[in-house]
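Hi everyone, thanks for making time this morning. I'd like to walk you through one model, going from a pair of helices out to the chains. Here it is on the screen.

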Amino acid sequence: MSSPIISVAQNPRQTDPSGAPQGSPVQQDVGPEAPKSAVRQFLMSRSSGKAADTTFSAIMLMCALSIFAIVLFILFILIARSKLSLSQFGFKFFTRSAWDPVSGDFGAFSFIYGTLATSLLALLVAVPLALGVAVFLTELCPQKLRAPISFVTELLAAIPSIVYGLWALFVLVPIMRDQLGPVLTKYFGWTHLFNGYNFGLNLLSASIILAVMILPIISSIARDIMLAVPISQREGVLALGATRWEMIRMGVLRNARIGIVGAIILGLGRALGETMAVTMVIGNHPEIPKSLFSPGYTLASVIANEFSEATGDVYLSALIEIGLALFLVTIVVNVIARALVWAVTRGAPARAH
Amino acid sequence: MGVGIDVENLNAWYGSTHTLQDISLNIPANHATALIGPSGCGKSTFVRCLNRMHETNPIARATGIVKMGDVDIYQDANPVEIRRRVGMVFQRPNPFPTMSIYDNVASGLKLNGFRNRAILDETVERSLRAAALWDEVKDDLKKKSGASLSGGQQQRMCIARALAVDPEVLLMDEPASALDPVSTSKIEDLIFELKRQYTIVIVTHNMQQAARVAENTGFFLNGKMVEFDSTHKIFTNPKDKRTEDYITGRFG
């Protein structure tokens with residue numbers, strides 16, 4: 001037995017016969033000749049691994065920093081290569097809508113407008129649909145249908161954008177021109193959004209095809225976020241006498257809102273930069289569209305269309321500055337979206353437990 | 001005021017597992033009734049059948065007669081109506097993390113479209129007082145998130161949330177099992193107060209807890225109810241050998 005003082009310190013409940021262990025750990029370690037188990041010998045022979053840990057965290061830090069490096073490098077190249085246009089047009093480049101390669105007069109505003117308009121319209125169409133799909137999949141869908149619907153939704157994300165473009169050109173555009181367009185003009189003409197001559201190649205067609213393309217991203221991320229909301233939250237709301245819709249609203253959507261906004265931001269990111277499909281149906285006309293039936297142009301489309309045929313240094317430089325504009329638009333939109341999330345959720349952590 | 005519950009031949013299944021077999025008992029109004037038994041014996045399933053929460057699991061099913069007052073909850077009413085009359089407190093506190101303390105407590109009323117500001121304020125205060133939490137949170141009702149409270153406070157807030165809709169029955173599924181002894185004793189004191197106004201059914205692993213708070217106790221084993229009697233009798237002079245073995249700690 002160890003000495004009484006140690007014994008009390010180690011095991012205050014010594015008087016309780018069932019609580020007292022046979023041999024205290026202190027006693028086992030004291031004897032120098034006490035045999036060591038194989039496990040103990042193995043563990044004692046291992047190094048503390050401090051050097052490996054330090055190296056590992058240094059490598060990880062470099063990986064993280066490389067992201068900044070890449071972003072800064074892109075920004076640097078864009079600025080360096082568009083110097084000519086930057087010095088000639090200055091900040092006005094972003095606010096003027098002239099685009100005349102023949103006389104060498106360039107401004108990006110109509111493209112910025114086209115990019116923002118198509119992307120936001122696409123969100124307007126895609127977000128309700130995507131959330132509907134996600135809610136259906138997580139809350140309402142019979143177990144058997146869940147996997148097939150999820151699979152098809154994710155398949156949509158895997159289709160190359162040129163295929164979407166072809167489909168839009170041969171299916172969506174004729175429908176827009178001959179069937180949907182006239183109906184919209186007839187019933188919603190008073191909004192002035194659906195006026196003017198409608199070729200089918202317009203802002204609305206581009207927005208719809210964008211919406212289809214970003215739908216799977218938003219819905220599959222939103223679905224995963226909603227699945228991560230614990231059952232206890234759903235049951236907590238149901239126990240208060242909630243209907244199924246009230247449970248979805250209060251127990252699921254409310255808890256998942258930050259993740260859902262994140263999903264929307266990702267979708268928006270894709271919409272802003274999407275090039276091919278949009279280029280094929282937007283009509284490629286560098287002017288600020290007057291209605292949803294007017295053709296437009298986006299930042300990405302103009303680069304894709306004109307880069308290979310850009311003659312003259314200023315023209316090329318202006319196109320690269322369009323790239324810079326796209327880069328900045330993406331950053332600004334993301335910052336605004338994050339600020340929005342921050343403002344909505346301040347003081348209320350969204351972490352369900 | 002509380003209302004009594006008569007259960008006749010209640011059977012419940014999870015998939016093909018027959019979790020509850022022919023349970024019949026009378027739960028008297030304005031009393032606390034404790035359900036004890038080893039893990040997996042069906043006592044939680046039983047209380048979840050009393051507010052039709054059991055069937056929210058797609059593979060779950062229940063048959064039998066559960067009469068709450070004059071209403072057969074499986075025949076005469078839909079689950080939403082039942083749950084508006086029967087409050088429930090879960091094993092692990094489940095505050096709504098995106099809501100303030102105030103909104104957590106008021107959530108049941110707001111959910112049902114209740115908008116009267118003055119009555120909301122009054123109900124939140126009354127419920128928090130009844131749950132013995134008012135003094136601890138009254139200064140940051142709308143500032144703090146419900147999830148920022150300690151575990152014991154969260155659970156009392158969840159009790160307040162259940163009380164705010166003025167239920168007739170309060171179901172408690174091991175309400176103190178995740179809490180420390182101080183919070184546990186607060187919740188037990190609370191149950192003692194609350195049973196004057198509500199019918200309380202409490203599932204517990206803790207036999208002392210059952211003995212302290214409940215007038216009647218039921219012992220469940222393997223999906224059957226072995227014995228149901230006054231708490232005093234169950235703990236001093238049980239009829240069934242298995243009940244005796246369980247309460248003396250020979251198994252479970």
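Let me begin with a convention: a crossing is called right-handed if the near helix is turned clockwise from the far one by less than a right angle, and left-handed if anticlockwise. Please also keep in mind that this is a predicted model.

With that in hand, look at chain B. The crossing of H3(B) and H6(B) is right-handed. These are residues 101-111 and residues 151-164, and their axes cross at roughly 30°, coming within 7 Å. On the H6(B) side of the contact you'll find Met157(B), Ala160(B), Arg161(B) and Ala164(B). Facing them from H3(B) are Ile101(B), Asn104(B), Val105(B), Ala106(B), Ser107(B), Gly108(B) and Leu109(B). Sorted by class, the residues of this contact are seven nonpolar, three polar and one charged.

Now on to H7(B). Does its length fit what we'd expect, and where do its buried residues go? Helix H7 covers residues 181-194 of chain B, and its 14 residues should span 20 Å at 1.5 Å a residue; the end C-alpha atoms are 20 Å apart, so the two agree. Buried in this helix are Ser183(B), Ile187(B), Leu190(B), Ile191(B) and Leu194(B). Looking down the axis, those buried residues fall within an arc of 100°, so they line one face of H7(B). Turned away from that buried side are the exposed Pro181(B), Val182(B) and Glu193(B). What do the buried residues of H7(B) pack against? The partners in chain B are strands E3, E7 and E8, together with helices H4, H6 and H8.

H3 comes up again where the chains meet. There, 21 residues of chain B are in contact with 21 residues of chain A. Helix H2 (79-85) and H3 of chain B each supply at least two residues to chain B's side. That side has ten nonpolar, eight polar and three charged residues.

Finally, chain A. Its secondary structure comes to 14 helices and two strands. Of its 353 residues, 33% count as buried. One residue to pick out is Glu139(A), in helix H6 (residues 109-140) of chain A. Is Glu139(A) buried, exposed or partly exposed? It counts as partly exposed because it has 17 C-beta neighbours inside 10 Å, and being buried would take 20 or more. Leaving out residues up to four places away in sequence, Glu139(A) touches Ile248(A) and Val252(A).

That's my tour; happy to go back to any view.

Key:
Residues are numbered from 1 along each chain as its sequence is written. Chains are lettered from A and ligands numbered from 1 in the order in which they are written. This is a predicted model: local features need pLDDT of at least 70, side-chain atom pairs count only at pLDDT 80 or more; totals for chains, interfaces and linings use all residues. Axes are lines fitted to C-alpha atoms, for helices over the stretch in contact, and angles run from 0 to 180 degrees between N-to-C directions. Helices (H or I, at least four residues) and strands (E, at least two) are DSSP runs, numbered from the N terminus. Two residues are in contact if their C-beta atoms, placed from the backbone, lie within 7 Å. Ala, Val, Leu, Ile, Met, Phe, Trp, Tyr, Cys and Pro count as nonpolar, Asp, Glu, Lys and Arg as charged, and the others, Gly among them, as polar. The expected span of a helix is 1.5 Å times one less than its number of residues. A residue is buried if 20 or more other C-beta atoms lie within 10 Å of its own, exposed if 12 or fewer, and partly exposed in between; C-beta atoms are placed from the backbone. The arc is that of the directions from the helix axis to the C-beta atoms.
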